Amino acid sequence: MSLYRDEGVVLRTQKLGEADRIVTILAKRTGKIRAVAKGVRRTTSRFGARLEPFTHVDLQLHTGRTLDVVTQAETIRPYGEALTADYPRYTAGSAMLETADRLTHGEKEPALRQFLLLVGGLRTLADRGHEARLVLDAYFLRSLAVAGYAPALDACAKCRAPAIRAFAIVAGGVVCGACRPAGSAVPAGETIGLMTALLRGDWATADASESRHRSECSGLVAAYLQWHLEHGIRSLRHVERELRERTTTDPASVGRDTAADPA
């Protein structure tokens, strides 16, 4: 029996048989792991509560023929406790977990930077120092950058010209007038500035941004992420629904619609 230890964040779980679960974990050294946690659905389980989504855990596992098996689990920090009581932060955290799962394709392929980004994002959400959607957008942009999909924000994605006219997802970011494809979004300059601040970790600029630019930024970032993943993020539906409900009750936070190229 080959034993190993690692720490990781529980991304998701699924039932297996009557008492077991399959746990998907993004681990610091090993990368993504799918392992069986035996008996954790029983009320007498020694570590069932430690293997819930959002939990940062220290694990001991042994290698199995198809799935590894969790033999020990100790909680490092239960981020779920801080997030479940705050719906916007819970939905943002759920979208982070789903995105981390999608961006780490292969099992047991080291993904240290993605792991550190996820832990940092969950910690920032739980500490409540910044608006939940800003934290989520920052996480999306940085995780995309680590995966090799960073959007061009300083110069045209096609010709590198400094004159920016629009944002084109298919082109990879901002574009000049000559390179601008039909249907490109035309965001405010402040929106591009906010995206740049979130990508660079400039929280002073991000926190000072206006609600309309945050809304426009969120729409562009979500579309850019899902285009590169070639799949929708289901958790984003709940994030966007919460945002719509909030802007309906608070007219001052309604964002300006992103303009589209009439061509």
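## Exercises on a predicted model

The structure, which is a predicted model, holds 3 aromatic pairs.

**Exercise 1.** Work out how the rings of Phe-54 and Tyr-90 are arranged, and where the two residues sit.

*Solution.* A pair of aromatic rings is described by the distance of the centres and the angle of the planes. For Phe-54 and Tyr-90 the centres are 5.5 Å apart and the planes stand at 55°, so the pair is tilted; the edge-to-face class would need an angle over 60 degrees. As for location, Phe-54 lies in the loop between strand E3 (31-37) and strand E4 (55-62), whereas Tyr-90 belongs to helix H2 (residues 87-103), so that the pair links parts of the chain 36 residues apart. Turning to exposure, Phe-54 has a relative accessibility of 4% and therefore counts as buried, while Tyr-90, with a relative accessible area of 34%, is partly exposed.

**Exercise 2.** Apply the reasoning of the previous exercise to Phe-167 and Tyr-224.

*Solution.* The centres of these two rings are 6.0 Å apart and the angle between the planes is 65°, and the pair is classed as edge-to-face. Phe-167 is in strand E6 (residues 166-168) and Tyr-224 in helix H7 (residues 211-229), with their positions 57 residues apart in sequence, and the pair thus links distant parts of the chain. Both Phe-167 and Tyr-224 are buried.

**Exercise 3.** Describe the surroundings of Arg-128, starting from its place in the chain.

*Solution.* Arg-128 is located in the loop that joins helix H3 (112-127) to helix H4 (132-146). The relative accessible area of Arg-128 is 41%, which lies between the limits of 20% and 50%, and the residue is therefore partly exposed. Once neighbours within four places in sequence are set aside, the contacts of Arg-128 are with Ala-82, Asp-86 and Arg-89. With Asp-86 there is also a polar contact, made from side chain to side chain at 2.7 Å.

**Exercise 4.** Decide whether His-213 is buried or exposed, and list its contacts beyond the neighbours within four places in sequence.

*Solution.* His-213 is in helix H7. Its relative accessible area is 4%, so His-213 is buried. Beyond the neighbours within four places in sequence, His-213 is in contact with Ala-188, Glu-190, Thr-191 and Leu-194.

**Exercise 5.** Identify the residues that touch the most other members of the largest nonpolar core, and follow one of them outward.

*Solution.* In soluble globular proteins, nonpolar side chains tend to be buried together. Here the largest nonpolar core has 49 residues, and those touching the most other members are Leu-118, Leu-122, Met-195 and Leu-198; helix H4 gives the most to this core, with 9 residues. Taking Met-195 as the example, and leaving aside neighbours within four places in sequence, one finds contacts with Leu-141, Leu-153, Phe-167, Cys-217, Leu-220 and Val-221. A second, separate core has 16 residues, among them Val-10, Ala-27, Leu-51 and Val-57.

**Exercise 6.** Compare the radius of gyration of the protein with that of a compact globule, and add further overall values.

*Solution.* For 263 residues a compact globule would have a radius of gyration near 18 Å, and the 20 Å of the protein agrees with this. The C-alpha atoms fill a box of roughly 60 × 40 × 30 Å along the principal axes. The secondary structure comprises 8 helices and 9 strands, and 51% of the 263 residues count as buried. Among contacts with a separation of 6 or more, 59% come from residues 24 or more positions apart.

Note on methods. Residues are numbered from 1 along each chain as its sequence is written. This is a predicted model: local features need pLDDT of at least 70, side-chain atom pairs count only at pLDDT 80 or more; totals for chains, interfaces and linings use all residues. Side-chain values use heavy atoms; hydrogens and water are left out. Helices (H or I, at least four residues) and strands (E, at least two) are DSSP runs, numbered from the N terminus. Buried means under 20% relative accessible area, exposed over 50%, partly exposed in between (1.4 Å probe, protein chains only). Contact means heavy atoms within 4.5 Å. A polar contact is a pair of N or O atoms within 3.5 Å; within protein, one must be able to donate a hydrogen and the other to accept it, and residues adjacent in sequence count only if both atoms are side-chain atoms. Rings of Phe, Tyr and Trp (its six-membered ring) pair if their centres lie within 6.5 Å; planes under 30 degrees apart count as stacked, over 60 as edge-to-face and the rest as tilted. The radius of gyration is taken over C-alpha atoms; the globule rule is 2.2 Å times the number of residues to the power 0.38. A nonpolar core is a set of buried Ala, Val, Leu, Ile, Met, Phe, Trp, Tyr and Cys residues joined through side-chain atoms within 4.5 Å.
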